[in-house]
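Visitor: I should like a close look at a single part of this model, set in the context of the chain that holds it. Please take the matter in one connected account.

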Amino acid sequence: MTAPKTVLVTLNVQGVGPEAATQPETALHGRDAHGRYAYGGGLARVLDMLRRQGIRATLFWPVFEAERCRDLLEQSLRDGHEAASQGNAFEDLSTLGDREGEVLERARDRLAQLTGAAPQGFRYTSSAFSARTVPLLRQLGYRYDSSAIDDDAPYALDLDGGAGMVELPWSEGLCDATHFSRRVTQDRAYAHWVEQGDALLAAEGYACLTLHPRADNGVGRAARLQKVEQLLERFRAAGATFTTCGDLAAHALQRE
Amino acid sequence: MQRIPYGAAVRADDNPWLPLDRELRAQGLRAASAAPVRAVVCVTVHVDGPAVEVGRKQFPAGPYTAGRYAIRRGVPRHLEILARHRMAATFFACGYDVEHYPAPFHAILAAGHEIAAHGYLHEAWDLGDEEPSLLAKTHRIIQQELGVTPVGWCSPSGRKSHRTLPALRELGYCYDASEKDQDRPYLADGDAGFIMLPNNTVSLDDYPFYFSGHSLAAEAYDNWVQEFEALRQAEGYVHLTVHPKAAGGSGTPARAAALDRFLGHVAAQPDVHVMTLEALARHCLAHPDHWRRA
């Protein structure tokens with residue numbers, strides 16, 4: 001009997017949002033519009049892949065992207081995926097000052113309106129947190145955060161001002177953008193994922209895979225999704241089970 | 001064109017290239033016994049000669065001669081490879097290179113390839129109000145030096161502005177190869193006379209793998225084959241970009257050999273048609289309803 005192994009498949013839904021945070025969307029062309037690939041087939045293709053694999057994933061939605069992908073947001077819910085929050089529109093939380101609470105609240109409320117349920121989880125990788133971020137997330141009713149990279153397993157957020165919340169750390173080595181932003185080949189990216197993923201599962205039985213639907217830093221392209229499928233099948237063959245962040249957080253909180 | 005789901009077999013009737021297949025047969029360009037065209041491959045060569053260094057205000061001699069490598073070695077090598085595989089390609093030319101080094105461009109045309117426009121000094125910066133006049137300048141240089149009229153453009157470095165498409169339309173261009181947002185051609189908004197032929201400057205390109213990813217040529221080759229095979233199961237639009245320059249490009253022997261092997265792989269597939277971007281643009285614009293945005 002081996003220890004249980006749990007894999008979270010998470011998707012940071014990013015189209016042109018990161019670029020549109022600093023430039024008008026209508027000024028985004030060519031190299032500044034790589035993100036449009038997410039709308040031009042990338043996101044739909046990732047959902048196709050997850051359906052093929054029979055995996056329920058957690059999609060972290062900035063409101064900016066949820067508004068642009070309403071059909072695919074609904075499709076993802078029909079497919080059984082979790083919709084969690086990734087803030088509003090790629091703002092830098094650490095510079096919002098007194099507006100931070102209002103921005104986070106607006107983001108939560110709008111996503112809840114679009115999905116029909118308040119999001120249980122939050123992730124933000126576009127900027128630093130402020131000292132207020134975790135306490136604000138707690139006030140807004142979040143049960144988990146998944147922005148940190150400081151552990152190999154979930155842990156309680158009490159010391160960060162998030163009493164009753166759990167952190168589900170992601171792993172930068174088990175993330176597509178880490179490797180593809182360096183323009184490595186997909187075989188190299190795959191080799192990195194295997195190295196990181198196998199060792200994480202052996203250490204604490206927990207691995208968080210993070211994907212993006214773009215073509216530049218993400219896995220929206222069919223050739224790359226084939227590599228992701230190979231990775232998921234490898235984890236499955238090693239005895240891992242797949243769960244959503246929401247379900248794992250609920251399970252972790254129950255045990256406490 | 002309907003979205004093609006990932007991972008599902010495409011029914012023969014949904015193959016987006018059947019109209020092209022019929023056209024090629026009607027013109028006697030495809031043998032009666034040949035398999036139906038399932039994928040189109042466009043080979044684009046970004047010549048990027050000394051224009052790149054001059055554009056960066058580097059004097060193109062001594063160490064700043066990666067672009068000169070394209071003129072001296074890379075272009076002849078790529079022409080030889082393309083001729084051996086009997087493939088017509090699209091060569092993107094900077095106006096400065098055509099002006100100062102016309103010979104390789106005459107050789108490109110003599111070999112039956114297309115010349116398209118690629119900026120004057122491979123401008124990798126925002127051109128502001130100067131942009132339309134620079135596009136016109138390179139256009140005139142290609143016409144005057146080479147006696148051909150380009151109909152396509154690819155942004156050097158991928159930068160574009162709201163001025164770009166109107167200026168290209170004014171010059172009579174019918175395609176832009178600078179967007180990266182779809183795996184298929186699509187009509188520019190509200191314009192049945194202009195087609196976007198997206199490129200893939202991430203994983204069907206040499207420069208990112210070699211310059212940023214520090215890949216071996218064998219690794220780049222493997223990735224190109226994986227992209228080609230995945231696209232062939234889906235949209236079937238394969239837009240390859242290579243650079244005949246040194247330092248990051250595919251001009252040098254080891255990397256030109258990887259290009260050669262990849263084109264050999266493509267040439268060996270019975271259901272593939274290799275064509276220039278101009279030929280593809282003309283095909284798409286003859287059937288505009290097939291290429292509207294989904």
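What percentage of the contacts in chain B with a separation of 6 or more is accounted for by residues 24 or more positions apart? With that settled, please examine helix α5 of chain B closely.

Guide: The structure is a predicted model, and the account below should be read as a description of that prediction. In chain B, residues 24 or more positions apart account for 70% of the contacts with a separation of 6 or more. The chain that holds the helix has 11 helices and 9 strands. Its C-alpha trace spans about 55 × 40 × 35 Å along the principal axes. A compact globule of 294 residues would have a radius of gyration near 19 Å, and the 18 Å of chain B agrees with that. Of those 294 residues, 52% count as buried.

Helix α5 of chain B covers residues 102-110. Its buried residues are P104(B), F105(B) and I108(B). Viewed down the axis of α5(B), these buried residues fall within an arc of 100°, so they line one face of the helix. A103(B) and A110(B), on the other side of α5(B), are exposed. The term "buried" here requires 20 or more other C-beta atoms within 10 Å, whereas "exposed" means 12 or fewer.

The cover over the buried residues of α5(B) includes three helices of chain B, namely α3 (66-84), α4 (95-100) and α6 (131-146). It also includes two strands of chain B, β2 (90-93) and β3 (114-117). After the helix comes G112(B), whose phi is positive, near 90°.

The wider setting is the nonpolar core. In soluble globular proteins, nonpolar side chains tend to be buried together. The largest nonpolar core of this model has 154 residues. Those with the most contacts inside it are L43(A), V46(A), V40(B), V41(B), A93(B) and V238(B), so named from both chains. Its largest share, 9 residues, comes from helix α2 (residues 36-53) of chain A. As for V238(B), once its neighbours within four places in sequence are left aside, it is in contact with A39(B), V40(B), V41(B), L204(B), F228(B) and L231(B).

The contact between the chains takes 29 residues from chain A and 33 residues from chain B. On the side of chain A that touches chain B, α2, α8 (186-204) and α9 (222-237) each supply at least two residues. The largest share of that side, 9 residues, comes from α2(A). By character, the residues of this side divide into 10 nonpolar, 8 polar and 11 charged.

Chain A itself has 10 helices and 9 strands. Its radius of gyration is 17 Å, close to the 18 Å given by the globule rule for 256 residues, so chain A is as compact as a globular protein of that length. Of its 256 residues, 53% count as buried. Among its contacts between residues at least 6 apart in sequence, 72% join residues at least 24 apart.

A strand of chain A offers another view of burial. In β3 (residues 82-85) of chain A both faces are covered: E82(A) and A84(A) are buried on one side, and A83(A) and S85(A) on the other. Strand β2 (residues 58-61) of chain A runs parallel to β3(A) and is joined to it by 4 bridges. Within that pairing, S85(A) is the bridge partner of W61(A).

Conventions. Residues are numbered from 1 along each chain as its sequence is written. Chains are lettered from A and ligands numbered from 1 in the order in which they are written. This is a predicted model: local features need pLDDT of at least 70, side-chain atom pairs count only at pLDDT 80 or more; totals for chains, interfaces and linings use all residues. A nonpolar core is a set of buried Ala, Val, Leu, Ile, Met, Phe, Trp, Tyr and Cys residues joined through C-beta atoms within 7 Å. Two residues are in contact if their C-beta atoms, placed from the backbone, lie within 7 Å. The radius of gyration is taken over C-alpha atoms; the globule rule is 2.2 Å times the number of residues to the power 0.38. Ala, Val, Leu, Ile, Met, Phe, Trp, Tyr, Cys and Pro count as nonpolar, Asp, Glu, Lys and Arg as charged, and the others, Gly among them, as polar. Two strands pair if DSSP finds at least two bridges between them. The arc is that of the directions from the helix axis to the C-beta atoms.
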